[in-house]
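Here is a short report for a reader who is new to this structure. Take a look at the chain before reading on.

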Amino acid sequence: MSWLSSSQGVVLTAYHPSGKDQALGGNHGKGGEEATTSRRYGQYTMNQEITKVIERPSFDRSSSQDSLDELSMEDYWTELENIKKSSENRQENQEVVVVKEPDEGELEEEWLKEAGLSNLFGEAAGDPQESMVFLSTLTRTQAAAVQKRVETVSQTLRKKNKQYQVPDVRDIFAQQRGSKEREPPDGAESQSVRTDENKYQGKDDQASSLVVGGKELTPLVPEEAPASETDINLEVSFAEQAVNQKESSREKIQRSKGDDALLPSFRLPKDKTGTTKIGDLAPQDMKKVCHLALIELTALYDVLGVELKQLKAVKIKTKDSGLFGVPLTVLLEQDQKKVPGTRIPLIFQKLISRIEEGGLETEGLLRIPGAAVRIKNLCQELEAKFYEGTFNWESVKQHDAASLLKLFIRELPQPLLSVEYLKAFQAVQNLPTRKQQLQALNLLVILLPDANRDTLKALLEFLQRVVDNKEKNKMTVMNVAMVMAPNLFMYHTLGLKSSEQREFVMAAGIANIMHLLIKYQKLLWTIPKFIVNQVRKQNTENHRKDKKAMKKLLKKMAYDREKYEKQDKSANDADVPQGVIRVQAPHLSKVSMAIQLTEELRAGDVLARFLSQESGVAQTLKNGEVFLYEIGGNIGERCLDDDTYMKDLYQLNPNAEWVIKSKPS
């Protein structure tokens with residue numbers, strides 16, 4: 001792959017390397033070929049260039065580089081050489097993807113669309129009341145991030161003299177100069193929005209309030225929570241935590257030399273209302289989570305002074321069938337015809353399975369490549385025979401399967417980490433602390449498309465199983481990270497015109513990001529509680545608006561309003577006394593049960609009571625396949641983990657219904 005800059009944007013020629021010309025950067029002139037070849041593969045000789053890079057004078061580095069400054073990068077550069085050899089034996093003509101660097105204002109306009117705020121501007125602009133509920137749930141830093149983008153879009157649209165409505169940013173964010181911050185009655189929700197970024201460093205006492213449609217909205221200010229070096233606080237906005245940290249003292253960054261044991265053992269403190277994982281929420285709530293995650297990620301990068309740029313693939317020609325070089329979504333459409341409900345490409349699953357069949361104790365697993373010519377022939381055979389079921393997997397050696405797995409990842413038309421967010425993933429290395437790097441990765445994983453996220457999860461789980469056998473296969477987590485990083489990140493990192501020093505720093509940085517993805521993957525698939533709480537608040541406000549509209553309608557239709565209110569109030573409490581919940585289980589032998597709430601009652605206990613009513617075989621079959629769900633009230637639908645304390649959750653969402661069912665495929 002090569003990136004070739006031009007006034008038209010950035011042309012990604014064969015992001016999946018193939019063909020001699022493409023390996024050299026395409027037919028764009030000799031000078032371009034030489035420069036791209038030098039940048040891409042570095043012409044690194046293991047004993048000379050690397051030594052020179054490491055012995056350079058000191059330079060500014062983030063914590064990402066600390067762990068690799070004193071390590072040999074041999075595995076990384078060797079993997080690049082293996083990729084080069086592989087690309088020289090792949091002669092297929094691959095399609096071209098054009099990735100455009102947005103013009104002024106376009107980036108912010110696209111950002112607002114992805115954040116669910118497109119109705120604030122452009123052809124979709126209208127009554128801002130639609131966004132009022134959403135904006136009212138934002139924290140100070142989130143509101144500041146939105147305001148910054150709205151201002152840029154407003155200025156750009158005015159310059160371009162667009163015919164459709166151009167909002168005045170003052171109509172959305174009204175400055176309240178000189179006003180005192182107000183203390184709300186409950187002390188939990190309201191405080192003025194600080195709009196000047198200098199406020200985050202304590203340099204400006206000016207404050208502002210968020211106003212939409214003439215109504216003042218008071219962004220959320222999180223409560224302080226005890227700080228811990230190893231606890232990941234999911235109850236307070238990550239950006240707000242960064243503000244508090246900047247206002248106090250900067251966290252000392254622990255130097256690591258690549259030893260897995262030296263990285264902090266970060267953990268998630270127990271939450272009595274239950275931990276929410278990706279996949280636990282209904283699609284409509286997950287969409288809100290993604291909007292909030294984008295705003296929160298942007299706010300975090302803004303606070304820490306790190307640029308967050310998104311790219312957009314504006315021209316994509318891809319294969320509509322086959323295995324290699326086919327979009328994940330197309331692969332899954334093919335695969336779901338054979339295996340309904342599958343969420344990970346079948347070829348990806350089979351390659352991992354083949355590697356594991358050979359034993360994960362094989363020394364040099366993932367690092368030692370298969371023969372390039374043999375890999376090319378296997379690819380052709382797989383394309384012809386995989387779906388027919390006639391491919392002979394016994395002929396695939398373990399190292400060949402590993403090479404095919406990496407080739408599959410490299411040849412995806414768009415990277416596994418997505419075109420839009422690959423730069424943001426790379427920028428994680430510039431965040432000052434490990435904890436902030438993990439927080440950013442957490443938000444980025446949430447933002448990935450479903451197919452990309454599910455496939456990445458399968459990959460990381462496999463890589464962890466490889467690392468678990470490091471005593472015999474000699475592949476530590478850092479060895480695996482250095483081998484895999486070029487396959488996930490290289491099309492972005494190797495297209496930069498940069499000095500050797502910057503190239504080394506970048507290589508070290510992405511290897512460390514890969515390290516974090518592998519080591520902390522269980523944390524990264526968690527949805528932060530503060531975001532779930534913001535979704536709950538949005539739902540509550542939307543229900544209130546809908547209820548108000550319904551009352552008006554009923555009044556116009558001359559219905560007995562008092563009767564309606566009584567029915568609505570008693571709907572959930574008809575036959576359930578105080579302190580008791582009724583749990584429904586339509587697919588079990590016991591279809592309903594009243595459960596007394598106690599301080600220690602957990603979701604797992606409720607499930608156990610229902611399953612104890614099943615016969616022996618049915619109980620075994622259902623165990624692990626059915627879950628307790630919180631449905632309605634201030635959430636659409638949420639699958640509960642077994643350690644959720646029911647009384648605490650009931651107090652958070654007293655209007656919910658409780659249903660035992662299986663997870664949708």
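The text below goes from the whole chain to its cores, a helix pair and some single residues.

**The chain as a whole**

The model is predicted. The chain holds 27 helices and 14 strands. Of its 665 residues, 52% are buried. Many contacts span long stretches of sequence: among those between residues at least 6 apart, 76% join residues at least 24 apart.

**Nonpolar cores**

The largest nonpolar core has 133 residues. Within this core, Y301, L366, L463 and M514 touch the most other members. Two domains contribute to the core, each with at least three residues. Domain 1 is assembled from several segments, 70-88 + 97-160 + 231-246 + 267-316 + 424-557, while domain 2 is the single stretch 318-413.

Y301 shows what such contacts look like. Leaving out residues up to four places away in sequence, Y301 touches V306, E307 and L308. Y301 also touches A424, A427, V428, L431, A440 and L444.

Another core lies apart from the largest one. This other core has 22 residues, including A585, V626, L628 and L640.

**A pair of packed helices**

Two packed helices are described by the angle between their axes and the distance between the axes. Helix α13 covers residues 346-357, and helix α18 covers residues 450-467. Their packing angle is about 5 degrees, and their axes lie 11 Å apart. An angle under 35 degrees counts as roughly parallel, so α13 is roughly parallel to α18.

Which residues in α13 and α18 meet? From α13 come F348, I352, I355 and E356. From α18 come T455, A458, L459, F462 and R465. By class, this contact has six nonpolar, one polar and two charged residues.

R354 also sits in helix α13. Its relative accessibility is 14%, under the 20% limit, so R354 counts as buried. Beyond its neighbours within four places in sequence, R354 is in contact with W393, E394, V396 and A401.

**Helix α6**

Helix α6 runs over residues 106-114. Its buried residues include L107, E108, E109, W111 and L112. Just after α6 comes G116, with a positive phi of about 80 degrees.

**Residues in loops**

Positive phi values also turn up in residues other than glycine. L366 is one of these, with phi near 80 degrees. K474 is another non-glycine case, with a positive phi of about 60 degrees. The table sets out where these two residues lie, together with N392, and gives their accessibility.

| Residue | Loop between | Relative accessibility | Class |
|---|---|---|---|
| L366 | α13 and α14 (372-385) | 1% | buried |
| K474 | α19 (470-473) and α20 (477-493) | 44% | partly exposed |
| N392 | α14 and α15 (398-410) | 42% | partly exposed |

Is L366 buried or exposed? L366 is buried because its relative accessibility of 1% is under 20%. L366 is also one of the residues that touch the most other members of the largest nonpolar core.

K474 falls between the limits of 20% and 50%, so at 44% K474 is partly exposed. The loop that holds K474 lies between α19 and α20.

N392, at 42%, is partly exposed as well. How many residues apart along the chain are N392 and L378? They are 14 residues apart, and their C-alpha atoms are separated by 10.0 Å.

How values were computed
Residues are numbered from 1 along each chain as its sequence is written. This is a predicted model: local features need pLDDT of at least 70, side-chain atom pairs count only at pLDDT 80 or more; totals for chains, interfaces and linings use all residues. Side-chain values use heavy atoms; hydrogens and water are left out. A nonpolar core is a set of buried Ala, Val, Leu, Ile, Met, Phe, Trp, Tyr and Cys residues joined through side-chain atoms within 4.5 Å. Buried means under 20% relative accessible area, exposed over 50%, partly exposed in between (1.4 Å probe, protein chains only). Domain bounds come from an automatic or database domain assignment. Contact means heavy atoms within 4.5 Å. Axes are lines fitted to C-alpha atoms, for helices over the stretch in contact, and angles run from 0 to 180 degrees between N-to-C directions. Helices (H or I, at least four residues) and strands (E, at least two) are DSSP runs, numbered from the N terminus. Angles under 35 degrees count as roughly parallel, over 145 as roughly antiparallel, 65 to 115 as roughly perpendicular and the rest as oblique. Ala, Val, Leu, Ile, Met, Phe, Trp, Tyr, Cys and Pro count as nonpolar, Asp, Glu, Lys and Arg as charged, and the others, Gly among them, as polar.
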